[in-house]
Amino acid sequence: MIGFIIAGLIIGALARLIKPGKQNLGLVATLLLGIVGAIIGGVIANLLGTGDIFELNVIGFIVAVIAAVLLIGVAESLSGRRAVRR
């Protein structure tokens, strides 16, 4: 469980480095988006037959980072809409 949290934090941090611009996300949001990205990467790697959902492998890690980048974009667009409504 601790390894999953650490992997989620690393994946979230890498996604924030890859995504251009400044993100208004805190450490907890980065961690949660990284964990969700890791789950998505694990599921896709499992579907491709390269590993288990909770097993860290290269394809799963790459897909997890890409998924986390996309999730950061979604989180930014959702937070931007809320800021406009106020």
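In which helix does Ala-64 lie? Ala-64 lies in helix α3, and the legends below describe close-up views of this residue and others in a predicted model.

**View A. Surroundings of Ala-64 in helix α3.** Ala-64 has a relative accessibility of 1% and therefore counts as buried, the limit for that class being under 20%. Apart from residues up to four places away in sequence, Ala-64 touches Ile-11, Gly-37, Ala-38 and Gly-41. The C-alpha atoms of Ala-64 and Val-36 are 8.1 Å apart in space, although 28 residues separate the two in sequence.

**View B. Contacts of Val-63, also a residue of helix α3.** When neighbours within four places in sequence are left aside, Val-63 is in contact with Gly-41 and Ile-44. Between the C-alpha atoms of Val-63 and Ile-39 the separation is 9.8 Å, and these residues are 24 apart along the chain.

**View C. The largest nonpolar core.** Ten residues form this core: Ile-11, Ala-15, Leu-25, Leu-33, Ala-38, Ala-64, Val-65, Ala-68, Val-69 and Ile-72. Each of α1, α2 and α3 supplies at least two residues of the core. With five residues, α3 provides the largest share. Leu-25, one of the core members, touches Arg-16, Thr-30, Leu-33, Ile-72 and Ala-75 once residues up to four places away in sequence are excluded.

**View D. Leu-31 in helix α2.** Beyond residues up to four places away in sequence, Leu-31 touches Ile-5, Gly-8 and Leu-9. Leu-31 and Ile-10 are 21 residues apart in sequence, with a distance of 8.1 Å from C-alpha to C-alpha.

**View E. The salt bridge between Lys-19 and Glu-76.** The side chains of these two residues meet at a distance of 3.4 Å, N to O. Lys-19 belongs to the loop between α1 and α2 and Glu-76 to helix α3, so the pair ties together parts that are 57 residues apart in sequence. In general, side chains of opposite charge can pair when their charged atoms come close. The count of salt bridges in the model comes to one. Glu-76 has 24% relative accessibility and so counts as partly exposed.

**View F. The largest pocket and its lining.** The space in this pocket amounts to about 160 Å³. Its lining comprises 17 residues, of which Phe-4, Ala-38, Ile-53, Glu-55 and Leu-56 are the closest to the centre. At least two lining residues come from each of α1 (2–18), α2 (27–47) and α3 (58–85). By residue class, the lining divides into ten nonpolar, five polar and two charged residues. Ala-38 is therefore shown in two settings, since it is among the residues closest to the pocket centre and is also a member of the largest nonpolar core, in which every residue is buried.

Conventions
Residues are numbered from 1 along each chain as its sequence is written. This is a predicted model: local features need pLDDT of at least 70, side-chain atom pairs count only at pLDDT 80 or more; totals for chains, interfaces and linings use all residues. Side-chain values use heavy atoms; hydrogens and water are left out. On a 1 Å grid over the protein atoms alone, a cavity is a set of points where a 1.4 Å probe fits but cannot get out, and a pocket is an open set with protein on both sides within 12 Å along at least five of seven lines; lining residues have an atom within 4 Å of a point. Grid points are joined across faces, edges and corners, and a volume is the space filled by probe spheres set on the points. Helices (H or I, at least four residues) and strands (E, at least two) are DSSP runs, numbered from the N terminus. Ala, Val, Leu, Ile, Met, Phe, Trp, Tyr, Cys and Pro count as nonpolar, Asp, Glu, Lys and Arg as charged, and the others, Gly among them, as polar. A salt bridge is a side-chain nitrogen of Lys or Arg within 4 Å of a carboxyl oxygen of Asp or Glu. Buried means under 20% relative accessible area, exposed over 50%, partly exposed in between (1.4 Å probe, protein chains only). A nonpolar core is a set of buried Ala, Val, Leu, Ile, Met, Phe, Trp, Tyr and Cys residues joined through side-chain atoms within 4.5 Å. Contact means heavy atoms within 4.5 Å.
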